[in-house]
Amino acid sequence: MRLINGYQISQAIHVAAVLGLADHLREAPRSSDELAALTDTHPQSLYRLLRALAAVGVFHEDAERRFSLTEMGQGLRSDTANSIAGWASLVGRPYYWQTWGHFLHSVRTGENAFRDLHGSDVWAYRSDHPEESAIFDRAMTALSRGTGAAVIAAYDFGPFDCIVDVGGGQGLLLADLLAARSRARGILFDLPHVVSRAETLLRGKGVAERCQIVGGSFFEDVPAGGDLYMLKAILHDWKDEEAIRILRVCRRAAKPEGRLLVIERVLGPPNEAPDGKFSDLNMLVAPGGQERTREEFATLLAAAGFTLTRVIPTGTRHSLIEAAPA
């Protein structure tokens, strides 16, 4: 029953994230009435939300209806290094929530549920709805928090003077890399409306002077001459045909001695690692792509002119899939 009713917890956490409840509890416990006044919500309904989330370990309720953050609830604060508040704010958005309600269509037909329901792919939809694009970008930045440190610890970036982050969003991962490697320079590449918001983040990290921002489509062209091309959580958004197109564009741009670093989930063996396999369903429903095994990555890379050299675990949900030009 807990698994069946999991959608209720998802939506409750989404509402808590949108209201910023964890931020209001950052300094000290508060009563549900205080929180209702701060969030302009119905006091009794907010209390019912808080006590339900306290029952599953997100908050803690004392005998006087005062609530505080648990260790788990700290993850919903917007100001913590490993905050996932941005992701929680995304998953309950009506267009995203409704798409999962259309999941049966994908299973029956193999088609993308989002496109069938909304009449366009997720990228066109977000481009037409800037407010949703901004929420999505914040979610991606939230999921990147903590990844940079793990990637830097797992991989030697020393040989690379120019790092090109393809589909790098607002640049959090690249900024962390440049901050750790003071002599390196970077190129942040993504759709123009995405990278248009990157300057503030890069300046806040103190790396803007060493990072060029370039807008464009990775289906057409990416900046040439980089020593290392990174693709973090990009290929899983696409079916094999489109993923190979992206990789071939990177292959054209890469130096003969260059390297490609794909940062993705690698699916585990049967009956294990459910996170990756449910992420795979999310790819089927929303963007229309898929998560992949090591063998599937090797096949993709070979089709695009690369050779998979090694797969490096990072201790996070992502692995580093290194490839060299074939």
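**View 1. Pairing of strands E4 and E5 around aspartate 165 in the predicted model.** The bridge partner of aspartate 165 is leucine 188, which lies in E5. Strand E4 covers residues 162–166 and strand E5 covers residues 185–190. The two strands run parallel and are joined over 5 bridges. Strands of a sheet pair through backbone hydrogen bonds, in either the parallel or the antiparallel sense.

**View 2. The open sheet that contains E4 and E5.** The sheet has 7 strands, ordered E6-E5-E4-E7-E8-E10-E9, and its pairing is mixed. Strand E6 (211–215) and strand E9 (306–313) are the edge strands, each paired on one side only. From one strand to the next, the twist averages 20°.

**View 3. Cysteine 162 and cysteine 250, neither of them in a disulfide.** The structure holds 0 disulfides. For cysteine 162, the nearest cysteine sulfur belongs to cysteine 211 and is 9.4 Å away. A disulfide would require the two sulfur atoms to be within 2.5 Å. Cysteine 162 is buried, and its relative accessible area is 3%. For cysteine 250, the nearest cysteine sulfur is that of cysteine 162, at 13 Å. Cysteine 250 also counts as buried, because its relative accessibility is 1% and the cut-off is under 20%.

**View 4. The annotated segment, residues 100–306.** An unreviewed UniProt entry places the feature "domain: O-methyltransferase C-terminal" at these residues. Over residues 100–306, the chain is 48% helix and 14% strand. The C-alpha atoms at the two ends of this segment are 35 Å apart.

Conventions: Residues are numbered from 1 along each chain as its sequence is written. This is a predicted model: local features need pLDDT of at least 70, side-chain atom pairs count only at pLDDT 80 or more; totals for chains, interfaces and linings use all residues. Side-chain values use heavy atoms; hydrogens and water are left out. Two strands pair if DSSP finds at least two bridges between them. Helices (H or I, at least four residues) and strands (E, at least two) are DSSP runs, numbered from the N terminus. Axes are lines fitted to C-alpha atoms, for helices over the stretch in contact, and angles run from 0 to 180 degrees between N-to-C directions. UniProt positions are given in the numbering used here, feature names are shortened, and annotations may be inferred rather than shown by experiment. Buried means under 20% relative accessible area, exposed over 50%, partly exposed in between (1.4 Å probe, protein chains only).
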